[in-house]
Amino acid sequence: MPIETKKSFCRMCHAFCAVDVDVDTTLNKVVAVRGDADNPIFGGYTCIKGRNLPDQHNHPERLRTSLKRMPDGTFVPISSEEAMDEIAGKLRVIIERDGPRAVATYNGTYAYLYGGLLAISKAWHKGIGSPMMFCSASIDQPGKQIAMMRHGIWGGGDQSFDGSDVMLMVGCNPLVSMFAGIKFPAYNPWKRLNDAQKRGLQLIVIDPRSSDVAKRADLHLQVKPGEDPTLLAGIIHVILEEGLYDGDFVQAHVAGVEELREAVKDFTPDYVETRAGVPAQHVIKAAHIFAEGKRGMATSGTGPSMAPRSNLSEQLVVTLNTLCGRYLREGESIPNPGTLTPTMPRFTNVMAGKGVPQMGEKSRIKGITAYMPDGDLQATVAADEILTPGPGQVRALITIAGNPVSAWPDQLKTIEAMKSLELNVTIDIKMSATAKLCDYIIAPKLGLERPDATLLIDTWFPEPYAQYAAAAVEAEGDLVEEWEVFWGLAKRLGTEVVLAGGAMPMDRKPTSDEYLDLLTAGSRVPLSEVRKHPGGALFPVEMKVQRAESPDGARLQAGEIELIAELREVRAEPVTGHGGYTMEEAFSHRLISRRLRDVNNSSGRDLPAILAKGITTNLAYMSAVDIAELGINSGDLIEITSDRSTILGVVEATDDVPSGVISMSHSWGDTPENDHKVRTIGSSTNRLVNLDKHHEKWTGMAWQSAIPVNIKAAKEPVGV
Ligand SMILES: Nc1nc2c(c(=O)[nH]1)N[C@H]1C(S)=C(S)[C@@H](COP(=O)(O)OP(=O)(O)OC[C@H]3O[C@@H](n4cnc5c(=O)[nH]c(N)nc54)[C@H](O)[C@@H]3O)O[C@H]1N2
Ligand SMILES: Nc1nc2c(c(=O)[nH]1)N[C@H]1C(S)=C(S)[C@@H](COP(=O)(O)OP(=O)(O)OC[C@H]3O[C@@H](n4cnc5c(=O)[nH]c(N)nc54)[C@H](O)[C@@H]3O)O[C@H]1N2
Ligand code: SF4
Ligand SMILES: [Mo]
């Protein structure tokens, strides 16, 4: 068979590994994907998900045409142009009747994997005059934004992983998640961590589970789920009491240290041991390792963000970095000042924390206001915005590459919301749990069938790197790129779409490459230059942090008022021995989130290589002792009950979690009618989430990890 090898990059997760793609040119089929050994950043690295791209592209159940729901609930094929005609017609009616706010968009995981999706949906919304945009990032780690807005920002940026001699990771597992958003360079991550540890990096990991990265740590603090605030406050207590902080930096740039010292006074190592389950000696040791290292940083992932008090956890992480001066100083080189984005100079000034601004659209729910820099509203209020009657009620939702029924907190509420919409559209490669509840499903092209550039994670790379890839193979079927849907709807509605480089032409459809050029206008390195290096390349530039004074003597706020207030609330809670909240005395376990190596949220579960490994459900990992106490064995079914609902799970013994903890991945399962298929489709942990009862200030984050639950043995359900 005639094979041609093309350069591309994987878009199955946020790492964008550079790959060589073998295409059978007679069949027009991708037949193999492997790491590009010559690539300067990835050095040939790929994971199983990337190597599975051919099966994802050629999957027999992949949608090859768009679908429309009929009145009897069945789906029939519809051409993408006809679907856009009908959707635009319905949108026009809704907008004329209820105003543009009734139209909302949800950008899911893959909207972050294709260059311009976030930009086009935002530009389209601007065109129709609707501020109702939601995104998966708003249920990812929104406390990070809150922390910066309250604490303030150091203009020079953080120290980077390269060259660090200490790293403290809270609730993340980048060796599996490959998530560089947590500031660990997830590009060939095992090798990078190995190399760093060989040159002396000290790694501290805070996780209730002995995760892949925790197993590699010099010190693993196996905190009780949801007790990160207690533990982090305890580490800060030791740093302040023993004077381990960076005195010069604190004196020059930080305020409120005495208020913080007072607030953490009673978070002694012994108190932390009693409450959070981490030995006092380890709290002290962690404080010493972290503070005494010369360079490095504390960073956090989804663990503490999904757990109770996520704003507080995030702000304590930032405060720890500030106390130890973990920032780039005057004259230091900026490792990656951006390539396909415009360059912003950096200065040694403090941008004062002014509290959380009430600047964007105000939600009708829980007083939550858009505060994300890009104007997105919290997805935590999306279901209620759909369900709550009154002016501004959302009546139409367009989901781009997301799966709300699986991923949003409180599945039962989400399902009710999805069913109540007047127009429910998704752009998805398959009949996801959400797609089954939609009126239209638009079938999109996949990564290797479209030109793209590494735009969305441009500044996450450890060095100034970029790659452009042309389509490696021609898409078969009536498939479109997501931007074409928004362009098509704008054309039909007579609205405009303005991108960085100006308005998209409406008299003719631009090509994908013209679209990418419009998106990257003003970048440090023009896309035309990046295109000349098909396998990706470094585009070095020397940029240093410049000196600047902080306006009005602005300081980073270690004693920020909401932080102090929340620390006092935590300390005033009773220590129940299981999480600190009295309500939880009625619950025996805490269910914690985790990611799985072989799948990306709800994607990849249906691929032959994964099924062949026997991965058909999101196993409920528990300690052997807890399983024995239930009188059952690995492989048996359990019933998991929270204060919201009950799900089934297939239990599996592991040494990785202690007694009292159950670890399960999210985004599995389907709607309740399919619960009996738990062994073949898994179950939805988000059905356990109680969005009305537990929610964080500003972000509305519910408890999607560290969920208090009870567990009992379950019978095999009927209908299997
Ligand atoms: N309990 C709990 N809940 C969580 C989390 C948790 O840790 N615990 N994590 C949260 C986080 S961080 C996130 S980001 C969200 C994820 O939230 P979502 O993004 O809403 O969920 P996914 O499961 O990633 O859905 C991706 C969808 O895109 C489709 N898809 C795959 N490839 C393509 C493509 O190329 N194009 C298009 N158009 N579609 C494609 C898939 O079939 C799938 O239906 O979940 C959140 N929910
Ligand atoms: N293979 C794979 N990669 C992925 C994804 C995937 O589904 N699969 N999803 C992608 C997405 S959307 C995202 S946002 C990133 C996320 O990237 P990460 O944040 O690295 O996600 P996880 O691997 O789930 O790591 C979270 C860790 O937090 C721990 N944890 C749970 N509860 C708590 C708690 O209360 N406190 C503490 N300290 N820890 C806790 C869990 O045991 C787990 O080890 O990964 C991305 N990459
Ligand atoms: S880590 Fe795996 S899924 Fe992610 S981009 Fe690389 S090969 Fe693809
Ligand atoms: Mo995420």
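Which side chain has an N or O atom 3.2 Å from a nitrogen atom of ligand 2? Select Lys49 together with ligand 2: the side chain of Lys49 supplies that atom. Note that this is a predicted model.

**Ligand 2**

Keep ligand 2 on screen and add its surroundings, which comprise 33 residues. The closest are Ser177, Asp207, Asp228, Val599 and Asn601. Then show backbone atoms for Val176 and Arg597. At Val176, a backbone N or O atom lies 3.2 Å from a nitrogen atom of the ligand. At Arg597, a polar backbone atom is 3.4 Å from a nitrogen atom of ligand 2.

**The three-stranded sheet**

Go next to residues 3–9, which form strand 1, and add residues 18–24, which form strand 2. The two pair in the antiparallel sense over seven bridges; within this pairing, Glu4 has Val23 of strand 2 as its bridge partner. Adding residues 29–35 brings in strand 3. The result is an open antiparallel sheet of three strands in the order 1-2-3. Strands 1 and 3 each have a single partner strand, so one side of each lacks a neighbour in the sheet. On average, neighbouring strands here are turned by 30 degrees against each other, direction ignored.

**The nonpolar cores**

Now select Leu91, Trp124, Leu489 and Met504, the residues with the most contacts inside the largest nonpolar core, a set of 92 residues. Helix 19, residues 482–493, gives this core its largest share, seven residues. Centre on Leu489: among the residues it touches are Met84, Ile87, Ala88, Leu91, Trp124 and Ile398.

Finish at a second, separate core of 54 residues, where Ile204, Val223, Ile289 and Val318 are among the members.

Notes. Residues numbered from 1 in each chain as written. Chains lettered and ligands numbered in written order. Predicted model: local features only at pLDDT ≥ 70, side-chain atom pairs only at ≥ 80, totals over all residues. Heavy atoms only, no water. Pairing = 2+ DSSP bridges. Helix = DSSP H or I, 4+ residues; strand = E, 2+ residues; numbered from the N terminus. Axes fitted to C-alpha atoms, helices over the stretch in contact; angles between N-to-C directions. Core = buried A, V, L, I, M, F, W, Y, C linked by side-chain atoms within 4.5 Å. Buried < 20%, exposed > 50% of the residue type's maximum accessible area, 1.4 Å probe, protein only. Contact = heavy atoms within 4.5 Å. Near = heavy atom within 4 Å. Polar contact = N/O pair within 3.5 Å; in protein donor to acceptor, adjacent residues only side chain to side chain. Lists of a residue's contacts leave out its neighbours within four places in sequence.
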